[in-house]
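I opened this model today with a cup of coffee and a short list of things to look up. Here are my notes, in the order I made them.

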Amino acid sequence: MMKVDRAAKKELPAPIPYSVLRGHDSAVNSIDFVGENHGLISGDVAGSLYYWNMKSLEIIKQWNAHTASVTTVQCINSASTITYVLSLIVLLTSHDHFLS
């Protein structure tokens with residue numbers, strides 16, 4: 001997809017990604033950084049959550065948290081995450097769960 005520089009009125013090439021995180025088998029709906037951006041939690045349409053190490057770019061833990069699509073992942077502090085499913089179900093997760 002080409003972006004347009006509105007000031008210069010010309011198309012710009014898409015940026016080259018620094019890295020691509022691979023792990024989800026389903027489309028990712030939401031991501032949020034954990035703590036001081038050392039971790040990332042992502043949620044997908046199958047209801048899975050992935051906790052990523054942003055230094056090594058590897059999966060720390062995968063968890064089948066829901067049976068429905070995760071619509072929002074929100075880290076509320078460095079120890080807890082809230083996930084929303086179809087805007088009806090809320091799950092509060094301790095980050096300790098991902099590390100055990």
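**Strand 4 and its neighbours**

I began with the pairing of strand 3 (residues 28-34) and strand 4: the two run antiparallel and are joined by six bridges. I should say at once that this is a predicted model, so please read every entry with that in mind.

I picked out two of the partners across this pair. D32 has I41 as its bridge partner in strand 4, and V28 stands opposite D44. The two strands make a hairpin with four residues between them, where I found G35 with a positive phi near 60°.

Then I turned to the other side of strand 4. Strand 5 (residues 48-53) also runs antiparallel to strand 4, and I noted five bridges between them. Here S42 stands opposite Y50 of strand 5. This pair is a hairpin too, with three residues between the strands, and G47 in the turn has a positive phi of about 95°.

**How covered is strand 4?**

Next I asked how many residues of strand 4 are buried. The result is six of the six in residues 39-44, so the strand is largely enclosed by the rest of the structure. I checked the two faces separately. On one side G39, I41 and G43 are buried, and on the other L40, S42 and D44 are buried, which leaves both faces covered.

**The sheet as a whole**

I wanted the strand order next. Four strands form an open sheet in the order 3-4-5-6, with antiparallel pairing. Strand 3 and strand 6 (58-64) are at the edges with a single partner strand each, so one side of each has no neighbour in the sheet. The twist from one strand to the next averages 20°.

For the wider view, I counted one helix and nine strands in the protein. Along the sequence the pattern is β-β-β-β-β-β-β-β-β-α, with the helix after the strands.

**An aromatic pair**

I looked for paired rings and the count came to one aromatic pair. The ring centres of Y50 and W52 are 5.9 Å apart and their planes meet at 25°, so I wrote the pair down as stacked. Stacked here needs planes under 30 degrees apart. Both Y50 and W52 are buried.

**The nonpolar core**

Which residues make up the largest nonpolar core? I listed eight: V34, I41, L49, Y51, A65, V70, V73 and C75. Strand 5 and strand 7 (70-75) are the elements that give two or more residues to this core. Strand 7 gives the most, with three residues. A reminder to myself: in soluble globular proteins, nonpolar side chains tend to be buried together.

I41 ties two of my entries together, as a member of this core and as the bridge partner of D32.

**Two loop residues**

I went on to the loops. N37 is in the loop between strand 3 and strand 4. Is N37 buried, exposed or partly exposed? Its relative accessibility is 49%, so I put it down as partly exposed; the exposed class starts over 50%. I also took a distance across the fold: the C-alpha atoms of N37 and N53 are separated by 9.2 Å, with their positions 16 residues apart along the chain.

T67 sits in the loop between strand 6 and strand 7. With a relative accessible area of 85%, T67 is exposed. Its C-alpha atom is 5.4 Å from that of G47, although the two are 20 residues apart along the chain. G47 is the residue I had already noted in the turn between strand 4 and strand 5.

**Totals**

I closed with the overall numbers. The protein has 100 residues, and buried ones make up 30% of them. About 6,700 Å² is exposed, of which carbon and sulfur atoms supply 54%. Among contacts with a separation of 6 or more, 28% are between residues 24 or more positions apart.

Terms used:
Residues are numbered from 1 along each chain as its sequence is written. This is a predicted model: local features need pLDDT of at least 70, side-chain atom pairs count only at pLDDT 80 or more; totals for chains, interfaces and linings use all residues. Side-chain values use heavy atoms; hydrogens and water are left out. Buried means under 20% relative accessible area, exposed over 50%, partly exposed in between (1.4 Å probe, protein chains only). Contact means heavy atoms within 4.5 Å. Accessible areas come from the Shrake-Rupley method with a 1.4 Å probe; for residues, only the protein chains shown count as cover. Two strands pair if DSSP finds at least two bridges between them. Axes are lines fitted to C-alpha atoms, for helices over the stretch in contact, and angles run from 0 to 180 degrees between N-to-C directions. Rings of Phe, Tyr and Trp (its six-membered ring) pair if their centres lie within 6.5 Å; planes under 30 degrees apart count as stacked, over 60 as edge-to-face and the rest as tilted. A nonpolar core is a set of buried Ala, Val, Leu, Ile, Met, Phe, Trp, Tyr and Cys residues joined through side-chain atoms within 4.5 Å.
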